[in-house]
Amino acid sequence: MPAPRTLAELEADVRRDLELTAHPRAPWLEAKTSGGKPVLDCLIIGGGQCGVAVAFALRRDKVDNILVLDRADYGREGPWVTYARMHTLRSWKDQTGPDLRLPSLTYQAWHEAQFGAAHFAALRWIPKELWNDYLLWFRRVTGIPVRNGVTAGRISPARTDDGLPCLSVETSDGPMLARKVVMATGQEGAGRWWMPDFVEALPKPLRAHASEEIDFAALRGRVVAVLGAGASAFDNAATALEAGAAEVHLFCRRAEPMIIQPYRWLTFAGFLRHMGEMPDEWRWRFMSYILGLREGFPQDTYDRVLAFPNFTMHVGRSWTGARAEGARAVLETARGDFAADYVICGTGVRMDPSCVPELAGCADNIASWGDRYTPPAEEANERLSRFPYLAPDYAFTEKRPGETPWIRDIPLFGIGTSLSFGPAGSSINAMSIAVPRLAAGITRGLFEADMPRLYAALRAYAIPQVTLNPARIAAE
């Protein structure tokens, strides 16, 4: 069968594929209310690729009473046209992600329908702007309900009018009620963007985290210092150089920068599907090793900075302090002070639920890996011990059982899942396995809570599928 030649043809294929694979078709959930107000079956906080993929999986399972919220304006959900400063995605171009293995919904199908098969064949990596466009198309063609410009806040327990547990979520559009609330807020889902305290103490005009909006044009002719040697740190260094910075200095605490990308190794079905089912000691052993290596930078990213003679990498030179002197930042290192006009921290995130507004009512009772597992001394890692210890359905678990039982209805789908499940909520490559598993956890919870009603419905079910002929039945 020839590939679609236009987007209209592809969208017709999508509609047909969704119709052909719609089994089982029967609706099975009943609308609920709380205090007379409607209750969603699932509210998803975060309208980026993870949130949209989860919503798609739920709708495939006939969980239609859902809503996705995102605080960003339309088209600016996620990092792709905001703080992602690479030119292309780092994943392979033939990856499958939110499509959940439906061929007509893959990135490749979308790309070929617009630019042709030859254009895709010649493509090395997917430009990040095109990936963003694809996600917006995916959301439209699958009919995912997303409300932009809405900020979610504190989650607290509630009850439906028929006595089932549900959740109340404060939002900038007023309170919303839902039986399940998925935290699909990416890097910040269970913590915050982190930089050393002494850098954060510098005046704001002198420093930024790589996740922030940065006026790179204002760095023209300036000396810029970047902390970190992961891909994001290099992306920001390259962007500053391309904007005309006089010098860019990147500081790596390691004696040798990380050039291995462990996520390339783990992208196989056994790991992605089953790591979360393994004993704690093996989950910790694998993921603490991988996360301890940090994410390596690819060759294309390195080539961007090497194109500039005014770029310098300092290895084995971590920052130990910082101070402002006039209009400059002075960074303290073991090899002496270094002065810069501007400082950028590519230092990632730190797990800390108390920093997440949605979790304000339960943060101190969310169990971490440090609460549940003590690794051998040689594998100990205080930073990683802060990752949340998640239930098999991705939900938060209680540190002190019985104090906040309602958190079992809050699944997490972002980088905070990494220690429990591997790269399930932080990798496009893992979506086709991770998203159906998360959706199954949600439908299991909804089904379990509804079992008395469903049993009554079964007992009341009386639709005959055969019309008997009394004349052909002999009564004994």
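Which residue stands opposite Arg-323 in S14? In strand S14, the residue opposite Arg-323 is Val-330. The model behind this report is predicted: local features need pLDDT of at least 70 and side-chain atom pairs count only at pLDDT 80 or more, while totals for chains, interfaces and linings use all residues. Residues are numbered from 1 along each chain as its sequence is written, and side-chain values use heavy atoms, with hydrogens and water left out.

**The two sheets**

Helices (H or I, at least four residues) and strands (E, at least two) are DSSP runs numbered from the N terminus, and two strands pair if DSSP finds at least two bridges between them. Arg-323 and Val-330 belong to an open sheet of 3 strands in the order S13-S14-S15, with antiparallel pairing. Its edge strands, S13 (319–325) and S15 (338–340), each pair on one side only.

A further open sheet has 5 strands in the order S9-S16-S10-S11-S12, and here the pairing is parallel. Strands S9 (207–209) and S12 (311–315) stand at the edges with a single partner strand each, so one side of each is left without a neighbour in the sheet. The table sets out one strand pair from each sheet.

| Strand pair | Sense | Bridges | Residues paired |
|---|---|---|---|
| S13 and S14 (328–333) | antiparallel | 6 bridges | Arg-323 and Val-330 |
| S11 (247–252) and S12 | parallel | 5 bridges | Cys-252 and Val-315 |

Helix H7 (residues 231–242) packs on the parallel sheet, touching S10 (223–227), S11, S12 and S16 (342–345), and its direction makes about 170° with that of S11. Contact means heavy atoms within 4.5 Å, and axes are lines fitted to C-alpha atoms, for helices over the stretch in contact, with angles running from 0 to 180 degrees between N-to-C directions.

**Helices H2 and H14**

The axes of H2 (residues 49–60) and H14 (residues 431–449) come within 9 Å and cross at roughly 55°. That makes H2 oblique to H14, since angles under 35 degrees count as roughly parallel, over 145 as roughly antiparallel, 65 to 115 as roughly perpendicular and the rest as oblique. Residues making the contact include Ala-53 and Ala-57 of H2 and Val-435 and Leu-438 of H14.

**Helix H3**

In H3 (residues 107–115), Tyr-107, Ala-109, Trp-110, His-111, Glu-112 and Ala-113 are buried, meaning under 20% relative accessible area, whereas exposed is over 50% and partly exposed lies in between (1.4 Å probe, protein chains only). Their cover includes helices H1 (7–20), H4 (117–122) and H5 (128–142). Just after H3, Gly-116 takes a positive phi of about 95°.
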